[in-house]
Amino acid sequence: MTENWRTIDIDQYDEDAYTEDEILAEFESGISPQQASADAQTRSTDVRNLLTKGDLNSALLRALEDPPYGRQLAQAKATSTQTLLEVLNLFRADDIASVISSLSIDQKDLLMKYLYAGLAKPESYNSGVLLTWHEKLTDIAGTGCIVRVMSDKRTVF
C-alpha cells in the first residue's frame with residue numbers, strides 16, 4: 001500500500017462514474033464557436049438598435065434570447081454577457097420590478113445567470129446595479145430561482 005492513499009482516484013474503479021466532459025456533452029448546442037460568436041454579435045447589434053430607439057424592454061428580451069451554452073464558446077458568452085449587462089445599466093431603479101415581473105420563469109433564471117456572471121467580474125461591471133437587480137429578482141422570483149441557477153450545469157460564463 002502506498003503512503004499517499006488519499007491521492008488514489010477511486011473513480012477509476014467505478015464504471016458508473018462520469019467525467020466532466022461526459023456530463024457537459026449533453027448540453028452542447030451543436031453549433032461551432034464561430035457561429036455562436038456571429039449569433040452573439042447579431043444579437044448585440046439588434047439590442048443596440050433597440051436601445052437607440054429607446055425600447056429598453058424589447059432590448060432586454062432580445063438580449064435574453066438564445067444564450068450560448070457550451071464549453072468552447074467563451075467569446076460568444078462574453079459578448080452576450082456584456083450586451084445584457086449594458087442593457088441592465090440603462091434601467092431606472094423604479095422600473096426594475098415591473099420589468100422582472102413581465103419575464104417568464106426561464107427568462108428570470110437566465111437573467112440570474114447573467115447577474116452572477118457580472119458579479120464574478122466586479123472590475124468590469126457595476127456591482128451596485130447588479131446587486132439591485134439581484135435583490136428585485138429574488139423578491140419576485142424567490143429563492144428557487146437561485147437554486148435552479150446554481151444547480152444548472154449550463155452556464156453563460
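**Exercise 1. List the buried residues of helix H4 in this predicted model, then find what they pack against.**

*Solution.* Start with the residues themselves: Ala76, Lys77, Thr79, Ser80, Thr81, Thr83, Leu84, Leu85, Val87 and Leu88 are the buried residues of H4. The model they come from is a predicted one. Next, look at their surroundings: these buried residues pack against helix H2 (33-52), helix H3 (56-63), helix H6 (105-119) and helix H7 (127-141). Finally, check the helix as a whole. H4 covers residues 74-90, 17 in number, and its first and last C-alpha atoms are 25 Å apart, close to the 24 Å expected at 1.5 Å a residue.

**Exercise 2. Find the aromatic pair and decide whether its two residues are buried or exposed.**

*Solution.* Searching the whole structure turns up one aromatic pair. Its partners are Phe91 and Trp133, set edge-to-face with 5.4 Å from centre to centre and 80 degrees between the planes. Now place them along the chain: Phe91 sits in the loop between H4 and helix H5 (96-101), while Trp133 belongs to helix H7, so the pair links distant parts of the chain, 42 residues apart. For burial, apply the cut-off of under 20% relative accessible area. Phe91 is buried because its relative accessibility is 9%, and Trp133 is buried too, at 0%.

**Exercise 3. Describe the largest pocket and the make-up of its lining.**

*Solution.* Begin with the volume: the largest pocket holds about 170 Å³ of space. Two elements, H6 and helix H8 (143-151), each give two or more residues to its lining. The largest share, five residues, is from H6. Then sort the lining by character: five residues are nonpolar, one is polar and six are charged. Among the lining residues are Asp106, Lys113, Arg148 and Tyr69.

Definitions and conventions. Residues are numbered from 1 along each chain as its sequence is written. This is a predicted model: local features need pLDDT of at least 70, side-chain atom pairs count only at pLDDT 80 or more; totals for chains, interfaces and linings use all residues. Side-chain values use heavy atoms; hydrogens and water are left out. Helices (H or I, at least four residues) and strands (E, at least two) are DSSP runs, numbered from the N terminus. The expected span of a helix is 1.5 Å times one less than its number of residues. Buried means under 20% relative accessible area, exposed over 50%, partly exposed in between (1.4 Å probe, protein chains only). Contact means heavy atoms within 4.5 Å. On a 1 Å grid over the protein atoms alone, a cavity is a set of points where a 1.4 Å probe fits but cannot get out, and a pocket is an open set with protein on both sides within 12 Å along at least five of seven lines; lining residues have an atom within 4 Å of a point. Grid points are joined across faces, edges and corners, and a volume is the space filled by probe spheres set on the points. Ala, Val, Leu, Ile, Met, Phe, Trp, Tyr, Cys and Pro count as nonpolar, Asp, Glu, Lys and Arg as charged, and the others, Gly among them, as polar. Rings of Phe, Tyr and Trp (its six-membered ring) pair if their centres lie within 6.5 Å; planes under 30 degrees apart count as stacked, over 60 as edge-to-face and the rest as tilted.
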